[in-house]
Amino acid sequence: MSNKNSIKGIIFALASGCCWAFSGTLGQFLFTHKGMDPSWLTVFRMITAGFIFLLMAVSRTETRQSLKQMLTSRSDMLYMVFFSIAGLLMVQYAYLVAISQTSAGVATSIQYSGESLVLLVTCVKLRRLPYRSEFCGLLIMLIAVFLISTHGKVGGMTFSVTTVIWLVTAAAALMFYTVLPPRVVGRYGSEPVMGVGFIIGGASLALTTRVWNISPGIIDGQTILCLALMIGVGTILAFSMFMRSTVLTGPVKAGMLSAIETVASPLISSLWLGMNFKLTDYAGFIMMFIMVIMLAVPELTKKTPRTSPAVHTAEAAPANSGK
């Protein structure tokens, strides 16, 4: 692979992480300034993005055939229902609820602690202990969570019990979102899986919360622009750039670079929304990014094949493509 392509892949991966960070901050703006409900936003975003992915799938003969095959496979569709709810839906819904109760920077960083759960699943599956770099990554993650949640003060938890539950749920959902899709994505491709998954997840939440009875908040020009940017930039563009990056640089490196989101999200929140983070918070955000790098070391050094720590695409492990 040429050096030029490698550089393009790096740029795409970093840009995709920044797009997801921007998307989370848009959600925080809608919650804070427009009174939007996380349930309403999640349903609107998932169903709209789902139809866009389906349109992308049916626009090509190959993916159109894959979509048809998936829809006619009873076992794979049952699997898709579980993945859509436990993975796609919860990784977005819990994340947005956590943002509404904390901030985009905090929710993003804590959600990335779900990488430790991915590592746990990997170690159990391969019947091995964490490698040295992975163990160091876990320690760094624990310190990061401590710094973010307590500002470095023992016994100084800054979150309510409800908020902690949503943050833990977001981290657990990231794990499901990472380990579940390879079975179906390998058979049918990412666009059919994401399209159907978004529709199932959005429809499930709509029925569960009776979203038609929930006020969307203030709908004005700013709201419409934010929604368009969340779907266009934070979902479609980010997904497309990350997918291209996995081809140019490989899924592990792409996933590692896109984790710049843990740093970009609080920075965007601070610059745009005026969020005031403490130095301990910034230290925690940076340490979460370092944690992702440490967990990626065994893959990068080709020690043994295992699930990639990439957190944004079906092919790369997959994960946060719709976040």
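F242 is buried, at 0% relative accessibility (buried means under 20% relative accessible area, exposed over 50%, partly exposed in between, with a 1.4 Å probe and protein chains only). This is a predicted model, where local features need pLDDT of at least 70, side-chain atom pairs count only at pLDDT 80 or more, and totals for chains, interfaces and linings use all residues. Residues are numbered from 1 along each chain as its sequence is written, and side-chain values use heavy atoms, with hydrogens and water left out.

Searching the whole structure turns up 12 aromatic pairs (rings of Phe, Tyr and Trp, the last by its six-membered ring, pair if their centres lie within 6.5 Å; planes under 30 degrees apart count as stacked, over 60 as edge-to-face and the rest as tilted). Among them, W20 and F242 meet edge-to-face, 6.0 Å centre to centre with 65° between the planes. That pair links distant parts of the chain, since W20 belongs to helix α1 (residues 3-33) and F242 to helix α11 (residues 221-249), 222 residues apart (helices, H or I with at least four residues, are DSSP runs numbered from the N terminus). W20 is buried too, at 0%.

F22 and W272 make a tilted pair, at 6.3 Å and 35°. F22 sits in helix α1 and W272 in helix α13 (residues 261-273), so this pair ties together parts 250 residues apart in sequence. F22 is partly exposed at 25%, as is W272 at 38%. Add F29, and F22, F29 and W272 form one aromatic cluster.

Charges turn up over rings as well (NZ of Lys or CZ of Arg within 6 Å of the ring centre and within 35 degrees of the ring normal). R128 lies over the face of Y131, 4.1 Å from the ring centre, while the charged end of R183 sits over the ring of Y79, 4.3 Å from its centre.

Notes:
Helix = DSSP H or I, 4+ residues; strand = E, 2+ residues; numbered from the N terminus.
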